[in-house]
Amino acid sequence: MTKLLQWPSAILERLSFEIHPINFPNGSEGDEWKKLFKLCACQRLFLPSILHHIDSLLYVDTDVLFLRPVEELWEHFYKMNSSHIAALCPEHEDFATGWYNRFARHPFYEPLGVNSGVMLMNLTRMRTFQWETYLPSIMKEYRLNIVWGDQDIINIIFHFHPEKLYLFPCEWNFRPDHCMYSNVCKTAEKNGIAIIHGNRGVFLNNKQPAFKAIFQAMLQYNLEDDPMLHFLEPVKLYLKQTVNTNCGKFLSTVISTIHPEILEKASNR
């Protein structure tokens with residue numbers, strides 16, 4: 001709340017927010033969920049009952065940055081059919097480097113799994129589906145084989161119920177895996193990057209300097225400043241120093257195509 005209230009008044013007057021405490025099942029079962037992976041990530045599995053007054057929501061990991069307006073992602077809700085309860089993007093686009101198809105010891109959404117860092121959740125439909133009733137049995141059966149916590153559990157559920165999942169393109173969850181060897185996210189090549197996801201700490205470490213460069217530019221950006229001058233130009237400058245890497249080359253090319261009007265639209269929303 002302290003951080004949010006530091007935002008400019010012009011931003012605050014356009015939003016409302018709720019803050020909820022961490023809430024897991026009571027007793028030993030709850031303790032197991034708390035230790036499964038990152039605390040707030042696993043909390044997401046229980047949002048249908050915690051946020052019982054909410055119809056639908058967009059979940060994002062804390063290491064996610066929007067480069068296009070959030071409304072454009074929300075529009076995918078209207079592309080879902082009546083059976084879909086959630087939307088995710090694939091974990092990989094390439095069989096040769098895919099994690100789930102090569103290493104998973106539990107069922108996963110075929111063929112390459114899904115990444116849970118950006119997720120549209122229709123909580124009303126998830127409640128009708130009785131989402132949370134699947135969790136204890138999955139935890140009991142696959143606990144020792146789970147590596148990526150709640151993401152693995154989500155993959156297991158949609159392995160058995162693939163008709164319940166809507167897939168959106170990788171431009172809405174662009175990660176180092178999409179460019180570290182070669183560009184495998186073709187929609188980002190065509191449409192640009194909408195969301196950049198700095199998973200595995202790449203916004204803060206030096207493993208992928210191009211991702212860190214974008215994060216640094218966003219960190220320094222003030223919400224009241226002109227996005228062209230104070231975000232896009234610095235990002236281009238920082239990325240020039242990373243073109244010796246595969247991700248640096250690709251991100252430099254893609255970022256250079258961002259039209260100022262898109263950034264202006266995103267910052268105003």
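Colleague: Hi! Let's start with helix H8. Which of its residues are buried?
Modeller: Hello! In this predicted model, the buried residues of H8 are Leu135, Ile138, Met139 and Tyr142.

Colleague: And where do they sit around the helix?
Modeller: If you look down the axis of H8, the buried residues fall within an arc of 100°, so they line one face of the helix. On the other side of H8 you will find Lys140 and Glu141, which are exposed.

Colleague: Nice. Now the nonpolar core: which residues touch the most other members of the largest one?
Modeller: Those are Trp33, Trp131, Ile153 and Phe158, in a core of 34 residues. Helix H9 gives the largest share of this core, with five residues.

Colleague: What does Trp33 touch?
Modeller: Leaving out residues up to four places away in sequence, Trp33 touches Phe24, Pro25, Cys42, Leu45, Phe46, Leu135, Pro136, Met139 and Ile153. You have met two of those names already, since Leu135 and Met139 are among the buried residues of H8.

Colleague: You said "largest" core. What else is there?
Modeller: There is a second, separate core of 28 residues, and it includes Phe174, Phe215, Tyr221 and Val235.

Colleague: Let's switch to aromatic rings. How many aromatic pairs are there?
Modeller: A search of the whole structure finds 13. One of them is Trp99 with Trp148, an edge-to-face pair with 5.8 Å centre to centre and 70° between the planes.

Colleague: Where do those two tryptophans lie?
Modeller: Trp99 lies in the loop between strand S3 (86-90) and helix H6 (100-103), while Trp148 lies in the loop between helix H8 (135-142) and helix H9 (150-160), so the pair ties together parts that are 49 residues apart in sequence.

Colleague: Is Trp99 buried or exposed? And what about Trp148?
Modeller: Trp99 counts as buried, at 19% relative accessibility. Trp148 comes out at 30%, which makes it partly exposed.

Colleague: What about Phe174 and Phe211, how are their rings arranged?
Modeller: Their ring centres are 6.3 Å apart and their planes are at 10°, so this pair is stacked. Phe174 is in the loop between strand S5 (165-167) and helix H10 (186-191), and Phe211 is in helix H11 (residues 209-220), so the pair ties together parts that are 37 residues apart in sequence. Phe174 is buried, with a relative accessible area of 0%, and Phe211 is buried with a relative accessible area of 0% too.

Colleague: Which residues make up the aromatic cluster with Trp99?
Modeller: That cluster is formed by Trp99, Tyr100, Phe103, Phe108 and Trp148.

Colleague: And what sits over the ring of Tyr59?
Modeller: The charged end of Arg44 does, 3.9 Å from the ring centre.

Colleague: Okay, cysteines next. Remind me, what is a disulfide?
Modeller: It is a covalent bond between the sulfur atoms of two cysteines.

Colleague: How many disulfides does this structure have?
Modeller: The count comes to two disulfides. Cys170 and Cys185 form one of them, with their sulfur atoms 2.1 Å apart. The torsion about its S-S bond is about 105°, so the disulfide between Cys170 and Cys185 is right-handed. Cys170 and Cys185 are both in the loop between S5 and H10, 15 residues apart, and both are buried.

Colleague: And what does Cys179 join to?
Modeller: Cys179 is joined to Cys247, S to S 2.0 Å. Here the torsion about the S-S bond is about 95°, so the disulfide of Cys179 and Cys247 is right-handed. Cys179 lies in the loop between S5 and H10 and Cys247 in helix H13 (residues 246-255), so this pair ties together parts that are 68 residues apart in sequence. Both Cys179 and Cys247 are buried.

Colleague: What pattern do the disulfides follow?
Modeller: If you count the bonded cysteines along the chain, the pattern is 1-3, 2-4.

Colleague: Why is there no bond between Cys89 and Cys170?
Modeller: The sulfur of Cys170 is the closest cysteine sulfur to that of Cys89, but it is 6.5 Å away, too far for a bond. Cys89 counts as buried, at 0% relative accessibility.

Colleague: Last one: where is Gln208, and what is it in contact with?
Modeller: Gln208 is in the loop between strand S6 (195-197) and H11, and it counts as buried at 11% relative accessibility. Leaving aside neighbours within four places in sequence, Gln208 is in contact with Pro176, Met180, Val202 and Cys247. That last name belongs to the disulfide with Cys179.

Methods
Residues numbered from 1 in each chain as written. Predicted model: local features only at pLDDT ≥ 70, side-chain atom pairs only at ≥ 80, totals over all residues. Heavy atoms only, no water. Phe/Tyr/Trp six-rings, centres within 6.5 Å; stacked < 30°, edge-to-face > 60°. Helix = DSSP H or I, 4+ residues; strand = E, 2+ residues; numbered from the N terminus. Buried < 20%, exposed > 50% of the residue type's maximum accessible area, 1.4 Å probe, protein only. Lys NZ or Arg CZ within 6 Å of the ring centre and 35° of its normal. Disulfide = S-S within 2.5 Å. Arc of directions from axis to C-beta. Core = buried A, V, L, I, M, F, W, Y, C linked by side-chain atoms within 4.5 Å. Contact = heavy atoms within 4.5 Å.
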